[in-house]
Amino acid sequence: MKVLIVGDVVGRPGRNTLQAFLEKYKENYDFVIVNGENSAAGFGITVKIADEFLSWGTDVISGGNHSWDKKEIYEYLDNSDRIVRPANYPSEVPGRGYTILEDKKGNKIALISLQGRVFMSAVDCPFRTAKKLIEEISKTTKNIIIDIHAEATSEKIALGKYLDGEVSLVYGTHTHVQTADERILANGSGYISDVGMTGSQNGVIGTNAETIIKKFLTSLPQKFEVAEGEEQLSGIEVEIDEKTGKCKKIKRINWSENEGFRS
């Protein structure tokens, strides 16, 4: 199976870029995963946006620390199997930490959402949470993908090596900067520290650059606004052997509507 994974979509510029890409290329993929936790003006996701993503060809939406920024999404998180939030939050919070769906060919594929702990809010151990969920999910499918939403590359790499051979892919989100360390690990799991961001390259990780620079210069609170211009979709294409769950190929992609695919 061929899977498309799109990095954190930031605001309207990111949404427009995602829509344009999927209109052209969604038929090339058996399954599409999009991180949407920054899609509503940079913070959270709304019901309308989630429904739009799904109507454009997204199969499942992953989240992160901003999953709950819009209260209107709480009921949606509870009721839909097409959107996930980090599994290592307390069980009482809205939403589910993983889902099992079918690709275009009828193959079952699971997505687990996790959040890191280094430089982030206190949550349960993502390593132990992953092991527990994999034990349960592997009874249904070997095709298991993990979105680790985390700051530290060391934590992401450690998780990838810890789960190597037990999952199809471990990929990172949250930093909004695509890393160049995509590879297939020793026991057959695909890995990349961060798939990148979908939105404006004019700003600082999707936010207006002047505002961010002013915050660094003054340390005073600023109102963050989504940047516009030079929009780009960043992510990865992954091929998985649906019989074994092993990763056969992993490739970074960067695409803009005006320039097409970039190396």
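The following exercises, each with a worked solution, concern a predicted model.

**Exercise 1. The buried face of helix α2**

Determine which residues of helix α2 are buried and how they are arranged around the axis.

Solution.
- Step 1. Helix α2 spans residues 47-56, and its buried residues are I49, A50, F53, L54 and W56.
- Step 2. These residues cover an arc of only 165 degrees around the axis, so they lie on the same side of α2.
- Step 3. The face of α2 turned away from the buried side carries K48 and S55, which are exposed.
- Step 4. The packing partners of the buried residues of α2 are β2 (8-9), α1 (11-25), β3 (31-35), β4 (60-62) and α3 (74-79).
- Step 5. Just after α2 comes G57, with a positive phi of about 120 degrees.

**Exercise 2. The buried face of helix α5**

Carry out the corresponding analysis for helix α5 (residues 153-163).

Solution.
- Step 1. Under 20% relative accessible area counts as buried; in α5 the buried residues are E155, K156, L159, G160 and L163.
- Step 2. Viewed down the axis of α5, the buried residues fall within an arc of 135 degrees, and therefore line one face of the helix.
- Step 3. S154 and K161, on the other side of α5, are exposed.
- Step 4. The cover over the buried residues of α5 includes β6 (108-115), α4 (126-137), β7 (144-149), β8 (169-173) and β10 (190-192).
- Step 5. G165 follows α5 and has a positive phi, near 95 degrees.

**Exercise 3. Positive phi outside glycine**

Locate F119 and S219 in the chain and state whether each is buried or exposed.

Solution.
- Step 1. F119 is a residue other than glycine with a positive phi, near 65 degrees.
- Step 2. F119 sits in the loop between β6 and α4, and its relative accessibility of 71% makes it exposed.
- Step 3. S219, although not a glycine, has a positive phi of about 65 degrees.
- Step 4. The loop between α6 and β12 (231-240) holds S219, which is exposed at a relative accessible area of 61%.

**Exercise 4. K215 and its contacts**

Describe the position, exposure and contacts of K215.

Solution.
- Step 1. K215 belongs to helix α6 (residues 209-218).
- Step 2. With a relative accessible area of 34%, K215 is partly exposed, since that class lies between the 20% and 50% limits.
- Step 3. When neighbours within four places in sequence are left aside, K215 is in contact with L220, P221, Q222 and F224.
- Step 4. Of these partners, F224 also appears among the residues nearest the centre of the largest pocket.

**Exercise 5. Pocket and cavity**

Give the volume and lining of the largest pocket and of the largest cavity.

Solution.
- Step 1. The largest pocket holds about 380 Å³ of space.
- Step 2. Its lining has 20 residues, and nearest the centre lie F43, H176, I205, T207 and F224.
- Step 3. By class, the pocket lining comprises 9 nonpolar, 8 polar and 3 charged residues.
- Step 4. The count of cavities of 30 Å³ or more is 1, and the largest cavity contains about 40 Å³ of space.
- Step 5. The cavity is lined by G36, E37, I45, I61, S62, G63, S67, L77, I83 and V84, a set with 5 nonpolar, 4 polar and 1 charged residues.

**Exercise 6. Cysteines**

State the number of disulfides and the burial of C125 and C247.

Solution.
- Step 1. The structure holds 0 disulfides.
- Step 2. C125 is buried at a relative accessible area of 11%, and C247 is buried at 7%.

Terms used
Residues numbered from 1 in each chain as written. Predicted model: local features only at pLDDT ≥ 70, side-chain atom pairs only at ≥ 80, totals over all residues. Heavy atoms only, no water. 1 Å grid on protein atoms, 1.4 Å probe; cavity = no way out; pocket = protein on both sides within 12 Å on 5 of 7 lines; lining within 4 Å. Points joined across faces, edges and corners; volume = space filled by probe spheres on them. Nonpolar A, V, L, I, M, F, W, Y, C, P; charged D, E, K, R; others polar. Disulfide = S-S within 2.5 Å. Buried < 20%, exposed > 50% of the residue type's maximum accessible area, 1.4 Å probe, protein only. Helix = DSSP H or I, 4+ residues; strand = E, 2+ residues; numbered from the N terminus. Contact = heavy atoms within 4.5 Å. Arc of directions from axis to C-beta.
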